[in-house]
Amino acid sequence: MFCNLFVKFSCVLFVLLLAQDCHSLDKVEATGDGCNITDPLYNATFNFGALHTDLSHSVALGQGSSIEFNVCGGISKECNGTKGVAACVTTTSKDKDIVLGTGHTLKLTNGRFQFDFMGEKCTNDKNWTLSVILDCDYTSVKNPFSIVKTNDKCSYSVIYRTKLACGPSSFKSLDSCSVPLNNVQSVNLYQLANVNHVVDDRNGGTFLINICNPVHWDLDVMCPVGSGVCFINNTENDLTKKFRNLGTIEKPTVNKGEISIKMDSPETCPLDPKKKISSLITFRCDKSTKVDEVEFIGFHDCQYLFAWQTKTVCDNSEPCTAVDPKTGAKYDLRELSKKPYNVSHDNHTYTFGICSAPGHPCLESSGACEINPAETTALGLANDKILINETGSPYLKYENGGLCKENKQHSYTIIEFVCAEQGMETGPKIIENTGCRLIIQFVTQLVCSQTQISCQTNNGSYQHVINLTPLISFTENYVANVSSGVKDDNAKSKYFINVCRPLVPQYGLSCPGGSAICQATIENGKPESEKSLGYPDVSLTMVNTPLGSRAQLKYLRGSVCPADNATQLSSSIDFYCDPKVGRGNPVLKAIVHDCFYEFEWATNVICPIYNCEFSKKHCSIHNDETDKEFDLMDLVKSNSELTAIKFCELDKYQVEADYAQGSVKVFTMSKEKCGDMNIQLKLNCNGEERNFTTKNDEHCSLLVTYETPSICSMLGLQPPEKASPPPPSVTTPKSPEDGKDNKTDSGNSHDGDKKSGGGVSTVGAIFIVMAVFGAVGGIGFALKDPERRAKLFSLIRRKDTNVSYSRDFGDHYDI
């Protein structure tokens, strides 16, 4: 009001005195023109015209009904006899269609965009309405729509996930976000860029971090365009001051094997006006982490320091697997390696293996060979290294086969893997067999891109992210408990469940492939009459229930409902926080109209981080939510770095229980030669005792990590079982590089529990056996018999077969 008066009467003096107030902004609201809208905070333009479709967008409501809507234009079909409407509820029953809107209004409210539709009369004083809320999502999900329950029977609300809501039209992502991990493998960090990562500054503020893509816009999140590290002052009401760019997105780099990203801010450093503020994110390989986690280390020399714990930067190159460095798509072809394959063309017959030697009639080390009546020709040595060509397709290359008659060069084989589209015949086909080269195309479902739903959302605030990733199972399915109040005619039913992903293949469970919940009748201990209760097509969302706000997964398009042939079985799972139950287990609460199954799941995975108490007197920590305490005294005494800084006698401590990660973190500071040292003691719930210490004098930081079963109860968890030895990999000839150099450059890190180790060689094993024989007089017996003696010495003389293969990603096939 006052700003308008000053402008109107040109009260220059007062305008100058109150200029800052005149430009303050406590709320961002705007109404668009069609599908375009400009925000008043940065004067940035958003264009949603690409969301228009020639037909309509369809969102299933169940019981044969659906919402059909369009933006920037109408739907293609009539609704209740009206043409050109923008939104409609259609039904296959005798009920008439409902017009939800003949047009729409595009609105922006504090970072969130939505299309509002108003339709025909619902009651005497209300019209039918539809709100389509746009949510940032870079992934290509199968179904970008989800229904949000409302308490108003005349209103519908739909979440529409789209990358167009992530930022202004000038909003640019990086062209490439890949870095080499080693000589063979590259890592694509784009797979970490789908969401904003929330980091507490432990002083009332919040960092939002993203890489490859700028920080996404969302409700109450309106960071400066291009920000990779955005600081939000949670106590500031003026939106022009609330958001700060602490680093603009940049490409990752590798230095001495360590992947990091340095982002420069346009802001001047308050400690040194000659410098600009910057942020440094260092990526740490952590194969045990349950959720990718970014931690604030501290502020040192005008630079904000962060550590990102993730499996993504680990060397995960398993045999017969590969990751596309451009898209992050993962390929696992080990299933094809279990048998040899035969293929013929023009009176030529070939035998080959996938990541393995096919065996007879090929030579022992050959990956492929041509079979002739008179001879067998080797067409390349077997290996298990899946390569990626320039088009993103996976392939195998077997080199150093027999000499070609034409040019005396070594023959080779290339096996391309092609996605089995609908109607395609699966299996191998010869594409070329001229000269020294054999090219085979292998059509398989294993290389078809699998779009996965998002298993993450937020609870109405950017500060509380709900992430169900730790509940995704890759080894076995959950079996739901059944509430006593459920009237299920079949008392023998069991419900097998996975979270956000299809069921884990299980012997004897023949539910339709891709199902996320399966109902089965148990007869003689075996599941029978299996029915799908839905597929993981709809991403996680928040819903309001009489018991409060809950995270909900909906699985739709299941088997035909026995009670209504026009309806498909479907299900929902409502997740809610309970710190004491650990990961929890699903419970079937109700069956609605015999076709819709409602489950509940109490879990601490979605509980927010809790601030625990630190007792300086006893050097212990206490979690009120689980009523558990942990004594740190012996742990501190066992670590030389913690003892040297007198960890239990420092000034201030902050203790966080992170239920999703299964860890407790203690943060503090100490005056050291490098300055104010940022110290973190991290206690991870694990079945085995291990500890690691990393000190960085350049960044003035100390990280001590303890993995122990003793901390589990403080997080409401049962101690996990000790890790079993890894299963044997596919048997293939080893490459010359395998086992040559297993050294790791640990820098300034040391493992307080690390033990030297290594396998026993074949020769060593033989002599151990001979020693045992000798103890009982067996050596003489073994050597007296010629046949046993020959077998023994042939085993001692056996050597590994050398295999050479291409590691060049630059050429199409490196040929």
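This is a short walk through one predicted model, from the whole chain down to single residues.

I will start with the totals. The chain has 815 residues, and buried residues make up 47% of them. Its secondary structure comes to nine helices and 57 strands. About 41,700 Å² of the chain is exposed, and carbon and sulfur atoms supply 49% of that area. As for contacts between residues at least 6 apart in sequence, 52% of them join residues at least 24 apart.

Now the sheets. One is an open sheet of four strands, with antiparallel pairing and the order E4-E5-E6-E7. Which strands stand at its edges? They are E4, residues 57-62, and E7, residues 98-101. Each has a single partner strand, so one side of each is left without a neighbour in the sheet. On average, and with direction ignored, neighbouring strands here are turned by 20 degrees against each other. Inside this sheet, E5 covers residues 65-69 and E6 covers residues 87-90, and the two antiparallel strands are joined by four bridges. If you want a residue pair to look at, take glutamate 68, which stands opposite cysteine 88 in E6.

Another open sheet has five strands, and its pairing is mixed. The order is E30-E31-E32-E34-E33. The edge strands are E30, at 387-388, and E33, at 427-432, and each of these pairs on one side only. E31, residues 394-398, pairs with E32, residues 412-419, in the antiparallel sense, over four bridges. There, tyrosine 395 stands opposite glutamate 416 in E32.

Next, the E11 and E12 hairpin. Six residues connect E11 to E12 in this hairpin. E11 is residues 145-148 and E12 is residues 155-162, and they pair antiparallel over four bridges. Phenylalanine 145 has tyrosine 160 in E12 as its bridge partner. In a regular strand, side chains alternate between the two faces of the sheet. In E11, Phe145 and Ile147 point one way, while Ser146 and Val148 point the other way. Are these four residues buried or exposed? All are buried.

Just before this hairpin is aspartate 137, in the loop between E10, at 126-136, and E11. With the cut-off for buried at under 20% relative accessible area, aspartate 137 counts as buried because its relative accessibility is 6%. Which residues does it touch, not counting those up to four places away in sequence? Aspartate 137 touches Arg161, Thr162, Lys163, Cys166 and Ser454.

Valine 179 is a similar exercise, this time in a strand, namely E13, residues 178-180. At 5% relative accessibility, valine 179 also counts as buried. Its C-alpha atom is separated by 6.7 Å from that of threonine 253, and the two residues are 74 residues apart along the chain. Leaving aside neighbours within four places in sequence, valine 179 is in contact with Ser186, Val187, Pro252, Thr253, Val254 and Ile259.

On to the pockets, where I will take the second largest. Its volume is about 990 Å³. Of the 40 residues that line this pocket, Ala60, Leu61, Gly62, Gln63 and Lys554 are the closest to its centre. Which strands each supply at least two residues of the lining? From the sheet and the hairpin already described, there are E4, E5, E11 and E12. The others are E43 at 548-555, E45 at 564-568 and E48 at 596-603.

Last, some backbone points to check on screen. The peptide bond from histidine 360 to proline 361 is cis, with omega near 15 degrees. Proline 361 is in the loop between E27, at 348-352, and E28, at 368-371.

Two residues that are not glycine have a positive phi. Aspartate 346 has a phi of about 50 degrees, and for cysteine 619 the value is near 50 degrees. Aspartate 346 is in the loop between E26, at 341-345, and E27. Cysteine 619 is in the loop between E49, at 610-615, and E50, at 620-623. Where they part is accessibility: aspartate 346 is exposed, with a relative accessible area of 55%, whereas cysteine 619 is buried, at 0%.

That is where I will stop.

Terms used:
Residues are numbered from 1 along each chain as its sequence is written. This is a predicted model: local features need pLDDT of at least 70, side-chain atom pairs count only at pLDDT 80 or more; totals for chains, interfaces and linings use all residues. Side-chain values use heavy atoms; hydrogens and water are left out. Two strands pair if DSSP finds at least two bridges between them. Axes are lines fitted to C-alpha atoms, for helices over the stretch in contact, and angles run from 0 to 180 degrees between N-to-C directions. Buried means under 20% relative accessible area, exposed over 50%, partly exposed in between (1.4 Å probe, protein chains only). Contact means heavy atoms within 4.5 Å. Accessible areas come from the Shrake-Rupley method with a 1.4 Å probe; for residues, only the protein chains shown count as cover. On a 1 Å grid over the protein atoms alone, a cavity is a set of points where a 1.4 Å probe fits but cannot get out, and a pocket is an open set with protein on both sides within 12 Å along at least five of seven lines; lining residues have an atom within 4 Å of a point. Grid points are joined across faces, edges and corners, and a volume is the space filled by probe spheres set on the points.
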